[in-house]
Amino acid sequence: MNEKTLRVLEYHKIKDKLILETVSEMAKEHIKDLMPLSDLQEIKSLLAETSEAVSLLIKKGNIPLNQIYNTKNAIIMSEKGGTLTPTQLLEILYNMKTTKNVKNFFKDDITSEGVLASLTSSLITHRNIEDEIGRCILSESEISDNASVELKNIRRNIVKQNEALRSKLNSIISSSSNKAMLQDAIITLRQGRYVIPVKQEYRSRFQGIVHDQSSTGATLFIEPVSIVNMNNELRELQIKEEAEIEKILAELSLLVAEKASELLSNLEILIKLDYIFAKGKLSVKMKGIEPKLNDDGNMRIRKGRHPLLDVSKVVPIDIHIGKDFNTLVITGPNTGGKTVTLKTVGLFILMTQSGLHIPAEFGTEISIFKKIFADIGDEQSIEQSLSTFSSHMKNIVEILENADYNSAVFLDELGAGTDPTEGAALAISILEYLNNIGAKTIATTHYTELKKYALVNEGVENASVEFDIETLSPTYRLIIGTPGRSNAFEISKKLGLNDEIIQEARKLLGNEDIAFEDIISTIEKDKRDAENERDEAVRLKIEIKKLKDELDRKSLKLEEQREKILQDAKNEARKILKETKAYADNIINELHKLETITDDKERNRSIEGLRKNIKNKFSEVSQSSEENENLTEAPKNLKIGDSVKIITLNQSANVLTLPDKNGELTVQAGLMKINVNIKNLRKINENNKSVKGSRSSVANIYRSKTALISPQIDVRGQLLDDAIMDVDKYLDDAYIAGLHQVTIIHGKGEGILREGLHSMLKSHKHVESYRIGNYNEGGDGATIVNIRG
């Protein structure tokens with residue numbers, strides 16, 4: 001890849017952004033060496049792993065890669081038999097913990113396919129090594145007492161020896177005979193041995209070994225003779241401690257060496273994951289997407305944003321090349337966004353070919369190129385005595401020598417820096433050459449000649465960056481198909497330049513140039529008008545479609561409800577018919593059985609049971625019928641005085657006013673006037689009244705037949721349960737027959753029947769009151785019952 005192209009397109013700044021998202025130095029070094037690739041399948045794989053990382057970041061948050069240490073050299077050293085330091089072992093321990101955390105993070109969240117699934121399934125945890133290092137090493141400079149039994153014993157002896165030494169030294173410095181010889185009454189260490197500070201002049205009187213002296217020479221640090229052996233013993237213990245620690249570190253290093261290949265593999269995977277998730281985090285921050293890929297030179301960018309500009313300020317661009325044309329000539333005013341467009345497209349290609357997402361909308365398609373060239377910016381070189389034009393031309397010559405059909409070329413201000421006529425001719429010739437070899441070229445220019453060239457040549461298209469004359473500022477919108485105007489006269493006029501000067505300048509332009517600019521102006525206006533009309537048409541189309549979809553949805557819902565209501569009604573009707581038939585068959589069978597019963601009481605009891613069952617069944621069917629009536633549609637053509645039913649209150653009413661435009665009306669329900677919506681009303685027709693009448697007549701016939709019932713019942717000699725059953729049935733018949741008072745003859749006896757029946761009468765629904773009969777009514781042997789009216 002051309003190094004200069006990477007520099008002018010600011011590829012290194014993208015890598016700097018990516019580096020900020022990593023946690024390990026190894027991943028940072030990998031990114032520093034990152035270069036765009038050109039193999040389509042390899043790029044697809046890199047983009048797929050970035051997409052996997054983005055998906056997981058959105059779903060679960062950041063991966064637990066808090067720190068990854070470069071333990072490669074330490075692991076290799078252990079493999080070769082070397083002993084690792086506590087720091088090296090701790091770094092290996094931290095990496096093992098990170099491996100375990102990453103493994104747990106991915107648990108149950110990775111499918112059987114994909115790069116991340118493959119990587120994480122290859123991670124191997126080493127719980128035994130992790131536990132052993134954690135048990136033995138407390139910090140970079142401290143080994144645990146529990147690392148071994150021997151180390152614990154040695155350190156216990158060291159503590160005892162230190163205490164003995166300090167006790168001995170304290171007795172020396174506190175001795176009255178020694179106080180005058182001591183510089184200070186303190187104990188200190190020199191070369192790992194306990195000493196006390198003695199004044200220089202008492203050197204000969206104080207017995208011991210001199211280990212050091214102060215900078216002035218006035219103080220000598222002397223190890224008293226009486227503690228030399230004790231210091232020697234302490235030193236021997238310290239040497240044993242060091243040897244035991246070395247032994248422990250060697251054993252831990254051996255554990256690491258046994259799993260060296262697995263630990264090195266884990267390290268590579270962690271670095272790879274760090275890099276992949278750095279790409280994912282960068283994509284999330286940039287609101288990037290994975291573009292479609294091809295290798296046929298066809299590119300289409302939708303709402304592309306330059307990745308290095310402030311996302312809240314950058315204006316997205318839509319641009320395409322490669323399908324209808326291979327060369328795009330962009331014109332327009334300075335600072336209008338032409339160069340940003342070049343860099344955006346170029347940087348998108350470099351990022352895509354590096355496996356990075358790009359900040360654009362879905363539907364963006366990027367082609368893979370073998371070679372990418374860019375000539376952007378002022379490359380004037382004082383050292384080489386090259387002018388701006390010469391510097392550009394030197395770069396363009398190199399581009400033309402290396403470009404081919406599989407190249408993307410970006411040229412900024414082509415032909416600038418020299419005579420306009422010659423510069424325009426050279427620019428046209430360069431574009432023609434690149435177009436003929438099939439390279440995909442985007443160039444910016446101010447030359448009118450290049451605009452004309454793009455209008456009349458196949459495979460070449462004009463584009464312009466929009467400029468708002470009213471505000472004297474660019475809108476940064478890229479418009480393909482229309483050449484840009486310089487707007488020099490309009491801008492000058494807005495800035496206050498004298499009209500006479502502007503008119504004189506216009507006269508100096510050729511008629512052909514004036515006509516061309518007028519044509520461009522007309523095209524721009526027509527295009528803007530067409531775009532506005534298209535946008536309005538699209539808006540209306542979307543709105544109409546939305547309304548149609550809503551109407552279709554409601555219509556479908558109503559149809560589904562209608563079908564459901566009809567189906568439910570049919571099912572209910574079948575159910576009622578089936579149950580009624582079965583019930584009728586059962587009644588017929590029961591009636592046949594009654595013919596065989598000779599006992600009148602038993603027959604009456606059975607008849608009464610059947611009668612109650614029929615009555616209950618009739619109520620159930622009536623209730624079901626009323627509920628089905630509620631499912632019918634709201635009444636139409638209501639008239640004042642019509643009888644209706646308020647289904648929400650289950651009340652009958654009469655219409656007092658006709659419904660208004662909202663369906664609201666007033667009805668009379670008893671003494672109340674109620675405002676109600678017509679949707680909550682059901683009309684009561686004459687047929688219903690007839691049915692009610694017929695039901696009433698049936699009831700009257702039934703009442704007239706049962707009115708023949710006797711005004712008394714005799715239950716003497718019966719068991720209490722049988723008597724209660726017969727009296728209960730008798731009271732029902734008496735109530736239906738309209739009797740107001742009846743007599744129950746139960747006899748005197750022991751009073752069991754009387755007490756039991758009285759207990760039943762207290763709670764009977766038809767009994768208003770009862771009393772023992774008078775002398776002429778049977779006395780204690782009878783009970784007089786008053787029936788409720």
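In which sense do strand 3 and strand 4 pair, and over how many bridges? In this predicted model, strand 3 and strand 4 (residues 193-199) are joined in the antiparallel sense, over three bridges. Within this pair, Thr 188 is placed opposite Val 195 of strand 4.

**The sheet**

The pair belongs to an open sheet of four strands, ordered 3-4-6-5, with antiparallel pairing. Strand 3 (188-190) and strand 5 (208-213) occupy the edges; each has a single partner strand, so one side of each remains without a neighbour in the sheet. Direction ignored, neighbouring strands of this sheet are turned by 50° against each other on average.

**Helices on the sheet**

Helix 9 packs on the sheet, where it touches strand 4 and strand 6 (219-224). Helix 10 lies across strand 4, strand 5 and strand 6. The table gives the direction of each helix relative to strand 4.

| Helix | Residues | Angle to strand 4 |
|---|---|---|
| Helix 9 | residues 149-173 | about 10° |
| Helix 10 | residues 228-258 | about 145° |

**Helix 21**

Helix 21 comprises 18 residues, residues 720-737. From its first C-alpha to its last, helix 21 reaches 25 Å, close to the 26 Å expected at 1.5 Å a residue. The buried residues of helix 21 include Ala 723, Val 727, Tyr 730, Leu 731, Ala 734, Ile 736 and Ala 737. Asp 726, Lys 729, Asp 732 and Asp 733 are also among the buried residues of this helix. Just after helix 21, Gly 738 adopts a positive phi of about 85°.

Conventions: Residues numbered from 1 in each chain as written. Predicted model: local features only at pLDDT ≥ 70, side-chain atom pairs only at ≥ 80, totals over all residues. Heavy atoms only, no water. Pairing = 2+ DSSP bridges. Helix = DSSP H or I, 4+ residues; strand = E, 2+ residues; numbered from the N terminus. Axes fitted to C-alpha atoms, helices over the stretch in contact; angles between N-to-C directions. Contact = heavy atoms within 4.5 Å. Expected span 1.5 Å × (residues − 1). Buried < 20%, exposed > 50% of the residue type's maximum accessible area, 1.4 Å probe, protein only.
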